[in-house]
Amino acid sequence: MSAACEAHDISERRACAILGADRTSVRYMSRRGDDASLRSRLRALAAERRRFGYRRLGLLLKREGLAPNHKKLRRIYAEERLQVRRRGGRKRALGTRRPIAVPDGPNQRWSLDFVSDTLTDGRRFRVLCVVDDFTRECLALVADTSLSGRRVVRELDAIAARRGYPLSVVSDNGTELTSSAVLAWSQDRKVGWHYIAPGKPTQNAFVESFNGKLRDECLNETLFSSVRQARAVLANWQKDYNEVRPHSALGGRTPASIILPSCSPTSRPLRVAFGDGLRPALTQAARDAEEDLGRDGETALNRTEKHRQDGPDGNRGLYF
């Protein structure tokens, strides 16, 4: 508008009348506040946590006293070009999915799985992941070049020494998790152990989701030169995951903010979903009342062999 006024030597009022523009629009001055501090802090958080989107970064900003409108945060996030680049995913089967039931209290059901990575010298190592399905808390990240069934049960006992034994454990059919050491542990500790159907990782969805976050935010972002370094990095990430990282499933809270009950796991029956249906697990009180000889005079070995078979829905599993 000013260029037109200077070129034709006319007033602003006449130029607006000729062009059909409103003088209030021409004279408008933006009142938008200075977002320099917000932008700098958002850039710093995005650089520190490269795999966080704007919603999760917004939760971190809210903890620090910066609570911008979600639309404003999204605009600034896009203007700063902080979008997380999506990594290529695998093809997924189409069809309906039945959601797995969530336990109604902490320490009722644990999920186990293994992830693997490579050191800079080419050697491979594995990580045992243990997750509480209710609180989403990471209970253990055990890294080593070899993890046997005996090592797995030692780590489970170490966790139980801090918070008690769960009602049930869910895992896949890996050789370490189907070993005699694991079967003997589940019977001695009276903990129900369920093996998901082969090739159905969605039946162990909680720990599979955790594995994706672990790989995306930690393993893919770090080069490991030794197992000792991997253990230190995983310990720091586990502490951050449990105490700092906001979880959308928990309404932006952290797993550490969920208070564990002061007593042992609840004695109410726990009904959990494994793939195609609900199966009741024994309560802790019912397990304690079981005789050492087992139900109907069966030995532990006979009871194990009896239940290692296909379920009525075709899924293989071990139920106690």
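Colleague: In this predicted model, how do the axes of helix α9 and helix α10 cross, and how should I read that?

Modeller: Happy to walk you through it. Two packed helices are described by the angle between their axes and the distance between those axes. Here, α9 (residues 205–217) and α10 (residues 227–243) have axes that come within 12 Å and cross at roughly 120°. That angle makes α9 oblique to α10, and the crossing is right-handed.

Colleague: Which residues of α9 and α10 meet?

Modeller: From α9, the participants are Phe210, Lys213, Leu214 and Glu217, and they meet Leu234, Trp237 and Tyr241 of α10. Sorted by character, the contact residues comprise 5 nonpolar, no polar and 2 charged.

Colleague: Good, now a loop. Where does Arg49 lie, and is Arg49 buried or exposed?

Modeller: Arg49 lies in the loop between α4 (36–48) and α5 (54–63). The cut-off for buried is under 20% relative accessible area. Arg49 has 14%, so this residue counts as buried.

Colleague: What is Arg49 in contact with, leaving aside its neighbours within four places in sequence?

Modeller: With those neighbours left aside, Arg49 is in contact with Leu60, Asp240 and Val244. You can look for Leu60 in α5 (54–63) and for Asp240 in α10 (residues 227–243).

Colleague: Let's try a strand. What can you tell me about Gly192 in β5?

Modeller: Gly192 lies in strand β5, which covers residues 192–195. Its relative accessible area is 9%, so Gly192 is buried too. For a view across the chain, pick Val170: 22 residues separate Gly192 and Val170 in sequence, and their C-alpha atoms are separated by 8.6 Å.

Technical notes
Residues are numbered from 1 along each chain as its sequence is written. This is a predicted model: local features need pLDDT of at least 70, side-chain atom pairs count only at pLDDT 80 or more; totals for chains, interfaces and linings use all residues. Side-chain values use heavy atoms; hydrogens and water are left out. Axes are lines fitted to C-alpha atoms, for helices over the stretch in contact, and angles run from 0 to 180 degrees between N-to-C directions. Helices (H or I, at least four residues) and strands (E, at least two) are DSSP runs, numbered from the N terminus. Angles under 35 degrees count as roughly parallel, over 145 as roughly antiparallel, 65 to 115 as roughly perpendicular and the rest as oblique. A crossing is left-handed if the near helix is turned anticlockwise from the far one by less than a right angle, and right-handed if clockwise. Contact means heavy atoms within 4.5 Å. Ala, Val, Leu, Ile, Met, Phe, Trp, Tyr, Cys and Pro count as nonpolar, Asp, Glu, Lys and Arg as charged, and the others, Gly among them, as polar. Buried means under 20% relative accessible area, exposed over 50%, partly exposed in between (1.4 Å probe, protein chains only).
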